[in-house]
Amino acid sequence: MNIVNIIAKKRDKIELNQEEIEFFVNGVTNQSIADYQISSLLMAIVLNGMSNQEVIYLTQAMLHSGDVIDLSRIEGIKCDKHSTGGVGDKVTLVLAPLLASCGATVSKMSGRGLGHTGGTLDKLESIPNFRVDLSIDEFINQVNDIKVSVIGQTGNLVPADKAIYALRDVTGTVQSIPLIASSIMSKKLASGSDAILLDVKVGEGAFMKDIDQARQLAGVMVEIGKGLNKDVKAVITDMNQPLGYSIGNALEVKEAIATLNGEGPKDLEDLCIRLGSMMLVQAKEYTNEEDAAKILKENLYNGKAIAKFVELVKAQGGDQTYIEDPSKFEMASNIIEVKTDKEGYLYQLDALGVAQVALELGAGRHTKEEAIDYPAGIVLTKKVNDKVAKGDVIAYMHTNKETDEKLIKMLQDSLIVKDQKHEDTSLIKEIIK
Ligand code: URA
């Protein structure tokens with residue numbers, strides 16, 4: 001087989017077969033195909049797309065390019081969720097213990113990510129001594145013991161994706177539904193869960209800017225699940241404003257703790273209940289989503305969900321007294337009030353703009369090596385459709401750096417205010433089963 005012929009075939013819009021796709025992925029993994037040839041095929045895929053069958057072959061080949069985690073020693077249906085990346089997205093922190101408190105088995109492997117704000121692992125590490133680096137044996141034992149564990153990806157998972165993503169990043173080939181879908185799904189499937197719920201974000205603050213793109217991405221990922229005999233469902237959810245009020249690692253953990261105590265923001269609680277009820281049905285703990293939603297809500301208000309989070313933190317070496325008394329989390333030294341001079345209704349909060357400010361305050365990383373400042377971030381005071389008047393405080397910036405007027409201006413500019421309310425504020429846009 002010859003890579004040049006494969007590139008030419010895709011250039012000419014001819015469907016690739018399984019052998020050709022495997023030849024490509026093997027060549028990427030063992031470095032026998034040159035970077036310029038890989039990049040050339042990637043660009044042909046961006047321009048000419050792939051059929052669902054081609055994406056399934058690509059995902060399957062990538063998934064087997066490295067370790068595939070065997071979780072068969074964990075009893076029960078292992079469920080996992082994946083978000084395509086939201087600002088202020090602390091859903092895993094709430095959902096993992098909440099689901100476990102309802103009897104589901106949650107074996108969650110998260111990536112660290114190089115986002116504007118930290119990923120789930122960074123958020124968890126803002127709890128003193130919390131370990132995300134459990135061995136697979138420790139992970140399996142913990143899930144069998146207390147039904148839940150959240151760790152970083154271990155082993156050599158999907159090396160083909162690491163190589164391909166590094167090239168996509170520098171060759172203008174990130175924006176492609178077949179490439180995004182196979183990248184996400186190969187990693188999810190290699191980490192060994194039985195049932196996966198995908199939360200595909202749509203809006204200005206997300207990878208997918210409009211509902212058509214989000215629908216296509218979600219549809220392809222669900223098809224990959226079908227093709228590979230896994231129970232995969234997807235929900236398209238709004239990202240035209242951050243989720244909840246807090247952005248930044250320790251600040252988000254505190255908001256998650258409030259939610260697990262039944263005192264969280266409505267959008268975050270609603271999303272957790274909705275995703276959770278689908279996952280409890282996927283996990284075969286309940287036969288219908290209404291009954292599942294009822295028990296999820298009960299556990300947020302009767303202390304069972306927060307008790308499970310305390311158990312999870314303790315099991316992974318974290319200091320659980322911070323969960324019992326969140327005022328113990330260190331605060332940033334500089335808390336800056338940000339006011340607006342606009343009048344009307346909050347129409348949209350540019351989530352990416354807010355995330356960019358949070359990054360500069362210390363909540364994220366510019367490079368893989370950079371350390372995160374856990375207390376840094378933003379606490380918003382308004383949600384879409386709230387009334388806004390001149391002089392209102394719209395947010396508090398938490399930082400250990402000096403006050404930077406440019407960042408205050410950026411945050412003010414991310415607030416879009418209009419005379420009338422936004423008509424569509426639904427959090428769940430569509431469900432794809
Ligand atoms: N997330 C991934 O893991 N891969 C992509 O290609 C895009 C988002």
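A crossing of two helices is called left-handed if the near helix is turned anticlockwise from the far one by less than a right angle, and right-handed if clockwise. Keep that in mind as you work through this predicted model.

**Exercise 1. Describe how helix 12 packs on helix 13.**

*Solution.* Start with the geometry: helix 12 (residues 266-282) and helix 13 (residues 289-301) have axes 8 Å apart and an angle of about 130° between them. Next, classify the pair. Roughly perpendicular covers 65 to 115 degrees and roughly antiparallel begins over 145, so helix 12 and helix 13 are oblique to each other. Now apply the opening definition: helix 12 passes helix 13 in a right-handed crossing.

Then look at who meets whom. Helix 12 brings E269, I273, R274, G276, S277, M278, L280 and V281, while helix 13 answers with E289, A292, A293, I295, L296, K297, L300 and Y301. Sorted by class, the contact of helix 12 with helix 13 holds 10 nonpolar, 2 polar and 4 charged residues.

**Exercise 2. Which residues line the second largest pocket, and which helix gives the most to the lining?**

*Solution.* First, the volume of this pocket is about 250 Å³. Its lining consists of D238, Q241, Y245, K266, D267, D270, K383, V384, T425 and L427. Helix 12, familiar from the previous exercise, gives the most, with 3 residues. Finally, split the lining by class: 5 residues are charged, 3 nonpolar and 2 polar.

**Exercise 3. Work out how helix 8 is oriented against helix 9.**

*Solution.* Helix 8 (residues 159-171) and helix 9 (residues 177-190) pack at about 150°, and their axes lie 11 Å apart. Angles over 145 degrees count as roughly antiparallel, so that is the label for helix 8 and helix 9. The crossing of helix 8 past helix 9 is left-handed. From helix 8, D161, Y165 and R168 take part in the contact, and from helix 9, L179, I180, S183 and K187. These residues divide into 3 nonpolar, 1 polar and 3 charged.

**Exercise 4. Do the same for helix 4 and helix 10.**

*Solution.* Here the angle is about 65°, with 9 Å between the axes of helix 4 (residues 52-63) and helix 10 (residues 211-227). Helix 4 is therefore roughly perpendicular to helix 10. The handedness of this crossing is right-handed. At the contact, N52, V55, I56 and T59 of helix 4 meet V220, E223, I224 and G227 of helix 10. The tally by class is 4 nonpolar, 3 polar and 1 charged.

Methods: Residues are numbered from 1 along each chain as its sequence is written. This is a predicted model: local features need pLDDT of at least 70, side-chain atom pairs count only at pLDDT 80 or more; totals for chains, interfaces and linings use all residues. Side-chain values use heavy atoms; hydrogens and water are left out. On a 1 Å grid over the protein atoms alone, a cavity is a set of points where a 1.4 Å probe fits but cannot get out, and a pocket is an open set with protein on both sides within 12 Å along at least five of seven lines; lining residues have an atom within 4 Å of a point. Grid points are joined across faces, edges and corners, and a volume is the space filled by probe spheres set on the points. Helices (H or I, at least four residues) and strands (E, at least two) are DSSP runs, numbered from the N terminus. Ala, Val, Leu, Ile, Met, Phe, Trp, Tyr, Cys and Pro count as nonpolar, Asp, Glu, Lys and Arg as charged, and the others, Gly among them, as polar. Axes are lines fitted to C-alpha atoms, for helices over the stretch in contact, and angles run from 0 to 180 degrees between N-to-C directions. Angles under 35 degrees count as roughly parallel, over 145 as roughly antiparallel, 65 to 115 as roughly perpendicular and the rest as oblique. Contact means heavy atoms within 4.5 Å.
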